[in-house]
Amino acid sequence: IYTMYLYSLALQPPTGISQAIYGNFSGPKAQEICVAKGRILELFRPDETKKKLVSIYSQEIFGVIRKIVPFRLTGYTKDFIVIGSDSGRIAIVEFQAETCRFVKIHQETYGKSGVRRTVPGDYVAGDPKGRAVMIGGAEKMKFVYILNRDSENKLTISSPLEAHKAHTVLFDM
């Protein structure tokens with residue numbers, strides 16, 4: 001009797017950019033562009049001498065990136081990246097220039113996996129003053145997370161506050 005094992009592997013990385021954001025991800029006044037290409041998160045920096053964008057770092061993420069938003073806490077000089085994915089989680093990542101990689105700061109589960117109309121993740125919005133992040137689905141479910149700093153100046157995230165509204169369809173946030 002033979003046992004068959006199946007393994008799925010993409011031979012080429014995705015090239016189509018689904019979303020792009022800009023911010024100071026590696027340090028103050030860095031002015032970088034972060035792009036989402038399906039399951040890959042990539043950071044670019046403009047090169048003044050070559051007059052083009054240079055890729056600083058690229059990282060594959062387990063899941064499909066549905067939405068990315070830059071976020072800066074009050075008093076910080078660096079931006080964080082809030083990622084909504086099809087895994088049913090919201091993740092906050094930071095780019096560490098010393099190690100040249102993305103580091104997950106916090107991850108919160110809010111729903112089932114998969115791309116569904118009621119599960120949040122399609123729409124993510126950050127408060128311009130750096131106080132909260134809202135995540136919502138096309139129908140009904142919306143959550144607000146309040147972000148703060150603790151005594152060691154680390155990012156803390158609150159429990160989700162429900163902001164659901166029945167009989168409504170969300171087009172943008």
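Modeller: Two strands pair if DSSP finds at least two bridges between them. Strands are DSSP runs of E with at least two residues, helices are runs of H or I with at least four, and both are numbered from the N terminus. The model is predicted, so local features need pLDDT of at least 70 and side-chain atom pairs pLDDT 80 or more, while totals for chains, interfaces and linings use all residues. Residues are numbered from 1 along each chain as its sequence is written, and side-chain values use heavy atoms, with hydrogens and water left out.

Biologist: How many helices and strands does the protein chain have?

Modeller: Read along the sequence, the pattern is β-β-β-β-β-β-β-β-β-β-β-β-β. The C-alpha trace spans about 55 × 50 × 30 Å along its principal axes. The count for the protein chain is zero helices and 13 strands.

Biologist: In which sense do β7 and β8 pair?

Modeller: β7 covers residues 89–96 and β8 covers residues 101–109. One bridge joins glutamate 94 to valine 103 in β8. Over eight bridges, the sense of the pairing is antiparallel.

Biologist: Which residue in the turn of the β7 and β8 hairpin has a positive phi?

Modeller: Four residues lie between the two strands of this hairpin. A phi of about 55° is found in the turn, at cysteine 100.

Biologist: Which residue other than glycine has a positive phi in the loop between β3 and β4?

Modeller: The loop lies between β3 (40–47) and β4 (52–60). The residue in question has a phi of about 60°. At 69% relative accessibility it counts as exposed, because that is over the 50% cut-off; buried means under 20% and partly exposed lies in between, with a 1.4 Å probe and protein chains only. The residue is lysine 51.

Biologist: Is lysine 29 buried or exposed?

Modeller: Lysine 29 sits in the loop between β1 and β2. Its phi is near 55°, a positive value in a residue other than glycine. With a relative accessibility of 77%, lysine 29 is exposed.

Biologist: Which backbone nitrogen does the side chain of asparagine 24 reach?

Modeller: Asparagine 24 is in the loop between β1 and β2, and is buried at a relative accessible area of 15%. Its contacts (heavy atoms within 4.5 Å) outside the four nearest places in sequence include Lys29, Arg72 and Asp79. At 3.1 Å, the side chain reaches the backbone nitrogen of glutamine 31.

Biologist: Which residues does glycine 27 touch, not counting those up to four places away in sequence?

Modeller: Glycine 27 is in the loop between β1 (19–23) and β2. It is buried, with a relative accessible area of 10%. From C-alpha to C-alpha, glycine 27 and threonine 168 are 40 Å apart. The residues touched are Thr77 and Lys78.

Biologist: What distance separates the C-alpha atoms of alanine 36 and isoleucine 65?

Modeller: Alanine 36 belongs to β2 (residues 32–37) and counts as buried at 0% relative accessibility. Beyond four places in sequence, alanine 36 is in contact with Gly16, Ile17, Ser18, Gln19, Ile65 and Ile68. Alanine 36 and isoleucine 65 are 29 residues apart along the chain, and their C-alpha atoms are separated by 6.7 Å.

Biologist: What percentage of the residues in the protein chain is buried?

Modeller: Among contacts with a separation of 6 or more, 38% join residues 24 or more positions apart. Of the 173 residues in the protein chain, the buried share is 36%.

Terms used:
Polar contact = N/O pair within 3.5 Å; in protein donor to acceptor, adjacent residues only side chain to side chain.
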